[in-house]
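Please take a moment to turn the model around slowly before reading on. The paragraphs below begin with a small detail and then widen the view step by step.

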Amino acid sequence: MCGIVGYIGEREKKEFILNGLKELEYRGYDSAGLAVLKDGEITHFKAVGKLENLVEKTKNFKSEGFGLAIGHTRWATHGKPTELNAHPHLGEFSYVIHNGIIENYQELKKELQEKGVNFISQTDSEVIVHLFEENLKNGKEPFEAFEETIKLLKGAYAILLITKADPKKIFFAKNLVPLIVGKNDEDEIFFSSSDAPLIGFADEVIYLNDKDYGYAQKGEIALFSEGIKQETLFKPLNIGKLSAQKDGYRFFMEKEIYEQSAVSSETIMGRVAKDDIVLEDIEDDFFADIKEITICACGTSYHAALATSYLFERVSKIKTTVEIASEFRYKEPLLLKDTLFVVISQSGETADTLQALKMAKEAGLKTLSICNVDNSSIVRLSDKTLLTRAGIEKGVASTKAFTTQVLLLWILSLKLALLRGAIDKEYFHKERKIISKVPEVLKVDEKIHEKIRRLSKRYLHGHGFFFIGRDIFFPLALEGALKLKEISYLHAEGYPAGEMKHGPIALADSELFTVALMPKSLLYDKVKSNVEELSARDATILALSPLEFEIADDFIKTKGYDHPMLEFFEMSVIVQLLALEISVRLGNDVDMPRNLAKSVTVE
Ligand code: F6R
């Protein structure tokens, strides 16, 4: 979703801003812009489409010597991706960039228009710069005018504003979406909506809290909350998360599929001991008196939640409900204090999940986040966190984040099972051995990848895909379908295999592609009957199974592990590769599919 960078110092500002925006590119965007304030003058550029277009437009522009700069990638919410709607938005002498959504922008805009202010974009963000200038015209000092502006805004925002009225400062504000301020000992100041653009530049950072605002100028970062000056507590920037490179793979998504084996070892490391599960700084007490679990998430993370909810009930013997965060927020849910509230989020910034977490906290529930990004908003808000340790994920379609989430939740289900006496040591030791095999199972089998590459050409048309499975393979079917639709733009649905006969089977004909997940270790015969019902109606079947299946039109033979979770991980890789290869054949942008964003910080 939108990305923000800002800079104060001597460095070539255009380069810093463009490189920073490049680091944020994977989040998804459809236009970009920047503005530089130097020697009292502001120069700005905007371009629709890829960042290269902005690079081209700025190629003859130089911005050496002391000055300020702001840059933005926009993912359209209000108004189409056009140059006028791209950030920075301009007033008469000030420029603003904004992530988030200003919910009351229509009222604010109307009031300003009645005073004669002219708007040139369709965005909600433009009100910020006009409100600021209006406050200035009413005699306020620049910082006061900014403070007054922020007070009027309702909704989510990370804002950077520069103005000729105070040409040495960047004004900033944050609520509900992330904003980081960084500095180094060369007196440079940096802003960004995530860590990546700051690596190699800032030594120390502050992750701003909601409602924080202030200004920065050479030698000074002034931070305020509700009118009161705050101490600036910087902490070292974690440089472990070096920016990801493709390392010879065609796409980040492909690299990330191949990385799953290595990162799953990280997920397990130190957590699965000989006789127990050890969860970092989470004491066993934390789980005392828990009667139920609610897991809340969106998209792929929701699928990880659904898959592992089977384990929490079957293995840990604890009632588990799974909720889609955007639904949960408004259903007036019954929040009981003896429920453990688990949120799952790759990015740790998903607005719906974050708000659901806030609701649970306010209701006094114990909260636990499963997350891939340390220091993200969700991590900071939850009582306890377990990091998936998948490393930065750049492909918009999530892969390694998903498998590490499932793995970590499986480990958690064993912890709860041990604590509740739902399993004995013997069962635990068997599971422990199985878990240690996961990195091997997640290794991409080159022969299977090659087979999928060849098969993919037969699946570029048709009127749709059904991915079907039972039990934990039903959520995997949902995930396989989501991966495919995200990057191929073909219609795909995930369905419980046994449910097809209650309606969807009416769609069956040779142009309906069914991807059947047929593990041998779980309900094989049941799924087989369901697939036969579809085949009898001439649906085209692509079966994934270790057991030969004659009526399949195409068949991917899996290794046939004895444990459903191992079969689950093996098939996860296969459905990911299938989506990847179909997308490649269709010539799509695999890593940055249309209309999607990596980090969904709006409702
Ligand atoms: C799918 C995908 C999305 C995310 C969803 C939640 O490939 O990436 O469906 O899973 O937007 O994001 P997080 O996990 O960051 O909360």
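**From one strand pair to the whole chain**

Tyr215 has Ala222 in strand E13 as its bridge partner, and this small contact is a convenient place to enter what is a predicted model. The two strands concerned are E12, residues 212-217, and E13, and they run antiparallel with 6 bridges joining them. Another bridge of this kind brings Gln217 together with Glu220 of E13. The hairpin formed by E12 and E13 has 2 residues between the strands, and within this hairpin Gly219 takes a positive phi near 80 degrees.

If we follow the chain onward, E13 also pairs with strand E14, residues 228-230, in the antiparallel sense and over 3 bridges. Here Phe224 stands opposite Lys229 in E14. This hairpin of E13 and E14 likewise has 2 residues between the strands, and Glu226 is the residue that takes a positive phi, near 45 degrees. Is strand E13 mostly covered or mostly exposed? Of the 6 residues in E13, which spans 220-225, 5 are buried, and the strand is therefore described as mostly covered.

These strands belong to a wider arrangement, an open sheet of 7 strands with antiparallel pairing, whose order is E5-E6-E7-E8-E12-E13-E14. Strand E5 (89-90) and E14 stand at the edges, and because each has a single partner strand, one side of each is left without a neighbour in the sheet. As a general point, the strands of a sheet pair through backbone hydrogen bonds, in either a parallel or an antiparallel way.

A second open sheet has 8 strands, also with antiparallel pairing, in the order E3-E2-E4-E1-E10-E9-E11-E15. Its edge strands are E3 (41-48) and E15 (235-236), each of which pairs on one side only. Within this sheet, strand E2 (residues 31-38) and strand E4 (residues 67-74) run antiparallel and are joined by 7 bridges, and one example of a bridge partnership is that of Val36 with Ala69 in E4.

The aromatic side chains offer another way to read the model, and the count of aromatic pairs comes to 26. In one of them, the ring centres of Tyr7 and Phe190 are 5.5 Å apart and their planes stand at 50 degrees, so the pair is tilted. Tyr7 lies in strand E1 (residues 3-9) and Phe190 in strand E10 (residues 189-192), and the pair thus links distant parts of the chain, 183 residues apart. Both of these residues, Tyr7 and Phe190, are buried. Phe132 and Phe171 form an aromatic pair that is tilted as well, with 6.1 Å from centre to centre and 45 degrees between the planes. Since Phe132 lies in helix H4 (residues 126-137) and Phe171 in strand E8 (residues 170-175), this pair ties together parts that are 39 residues apart in sequence. Phe132 and Phe171 are both buried. Which residues make up the aromatic cluster that contains Phe132? Phe132, Phe143, Phe146, Phe171, Tyr213, Tyr215 and Phe224 form this one cluster, and in Tyr215 we meet again the bridge partner of Ala222.

We can now turn from the packed parts to the empty spaces. The structure holds 1 cavity of 30 Å³ or more, and about 60 Å³ of space lies in the largest cavity. Its lining includes Cys2, Arg74, Trp75, His78 and Asp124, and the lining residues divide into 2 nonpolar, 7 polar and 2 charged.

The largest pocket, by contrast, has a volume of about 630 Å³. It is lined by 29 residues, of which Cys298, Gly299, Thr300, Glu486 and Val600 are the closest to its centre. Helix H7 (299-314), strand E18 (339-345), helix H9 (351-362) and helix H14 (473-488) each supply at least two residues of this lining, and H7 gives the most, with 5 residues. The lining divides into 11 nonpolar, 13 polar and 5 charged residues.

Finally, it helps to step back to the whole chain, which is divided into domain 1 (3-245), domain 2 (252-440) and domain 3 (446-585). The centres of domain 1 and domain 3, taken over C-alpha atoms, are separated by 46 Å. The lining of the largest pocket draws at least three residues from each of domain 2 and domain 3.

Key. Residues are numbered from 1 along each chain as its sequence is written. This is a predicted model: local features need pLDDT of at least 70, side-chain atom pairs count only at pLDDT 80 or more; totals for chains, interfaces and linings use all residues. Side-chain values use heavy atoms; hydrogens and water are left out. On a 1 Å grid over the protein atoms alone, a cavity is a set of points where a 1.4 Å probe fits but cannot get out, and a pocket is an open set with protein on both sides within 12 Å along at least five of seven lines; lining residues have an atom within 4 Å of a point. Grid points are joined across faces, edges and corners, and a volume is the space filled by probe spheres set on the points. Helices (H or I, at least four residues) and strands (E, at least two) are DSSP runs, numbered from the N terminus. Ala, Val, Leu, Ile, Met, Phe, Trp, Tyr, Cys and Pro count as nonpolar, Asp, Glu, Lys and Arg as charged, and the others, Gly among them, as polar. Domain bounds come from an automatic or database domain assignment. Buried means under 20% relative accessible area, exposed over 50%, partly exposed in between (1.4 Å probe, protein chains only). Two strands pair if DSSP finds at least two bridges between them. Rings of Phe, Tyr and Trp (its six-membered ring) pair if their centres lie within 6.5 Å; planes under 30 degrees apart count as stacked, over 60 as edge-to-face and the rest as tilted.
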